[in-house]
Amino acid sequence: MLGIPTVLDRLIQQAIQQTLVPLWEPEFSGHSYGFRPGRSAQQAVKAAQRHVNQGNAGWWTWIWRSSLTG
């Protein structure tokens, strides 16, 4: 049945999270923001804006700029 998680469910989820995050966190790229502790969608957007402004945006920026100029 679907429903509101019980206290036991939350306790188990938290125990698993506290065990796995320290193991997996070092494996992620420093450019990864999705569902990471201490990171947000707003930080991801700001990082992408900095990347584009520095001219390091790669092929998709070229495609985007090309589509604007025809």
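A charge is said to sit over a ring if NZ of Lys or CZ of Arg is within 6 Å of the ring centre and within 35 degrees of the ring normal. Keep that idea in mind, as we will come back to it with a real pair of residues. The structure above is a predicted model, so let us begin with how confident the predictor is.

The mean pLDDT of the protein is 78, and 76% of its residues reach 70 or more. That confidence varies along the chain: helix H1 has the highest mean pLDDT among the elements, at 91, whereas helix H3 (residues 59–69) has the lowest, at 55. When you look at H3, then, remember that low value.

Now for the overall plan. The protein contains three helices and zero strands. Starting at the N terminus, the order of elements reads α-α-α. Of the 70 residues in the protein, 6% are buried.

Let us walk along to the loop between helix H1 (7–24) and helix H2 (41–53), where Arg36 has its place. Is Arg36 buried or exposed? Arg36 is buried, because its relative accessible area is 9% and the cut-off for buried is under 20%. What does Arg36 touch, leaving aside its neighbours within four places in sequence? Its contacts are Glu25, Phe28 and Ser29. With Ser29, the side chain of Arg36 reaches the backbone oxygen, at 2.9 Å.

The partner Glu25 deserves a visit of its own. Glu25 also belongs to the loop between H1 and H2. Its relative accessibility is 24%, so Glu25 counts as partly exposed. Glu25 and Arg36 are eleven residues apart along the chain, and their C-alpha atoms are separated by 8.0 Å. How do their side chains meet? They make a polar contact of 2.5 Å. Not counting residues up to four places away in sequence, Glu25 touches Pro37 as well as Arg36.

Here we can return to the opening definition. Arg39 lies over the face of Tyr33, at 4.7 Å from the ring centre. So the distance fits the limit of within 6 Å. What about rings paired with other rings? Searching the whole structure gives zero aromatic pairs.

Moving on, we reach H2. This helix has 13 residues, and the distance from its first C-alpha to its last is 18 Å, close to the 18 Å expected at 1.5 Å a residue. Just after H2 comes Gly55, which takes a positive phi of about 80°. Beyond that, residues 59–69 form H3, the element we met earlier as having the lowest mean pLDDT.

Key: Residues numbered from 1 in each chain as written. Heavy atoms only, no water. Phe/Tyr/Trp six-rings, centres within 6.5 Å; stacked < 30°, edge-to-face > 60°. Helix = DSSP H or I, 4+ residues; strand = E, 2+ residues; numbered from the N terminus. Buried < 20%, exposed > 50% of the residue type's maximum accessible area, 1.4 Å probe, protein only. Polar contact = N/O pair within 3.5 Å; in protein donor to acceptor, adjacent residues only side chain to side chain. Contact = heavy atoms within 4.5 Å. Expected span 1.5 Å × (residues − 1). pLDDT = per-residue confidence, 0-100.
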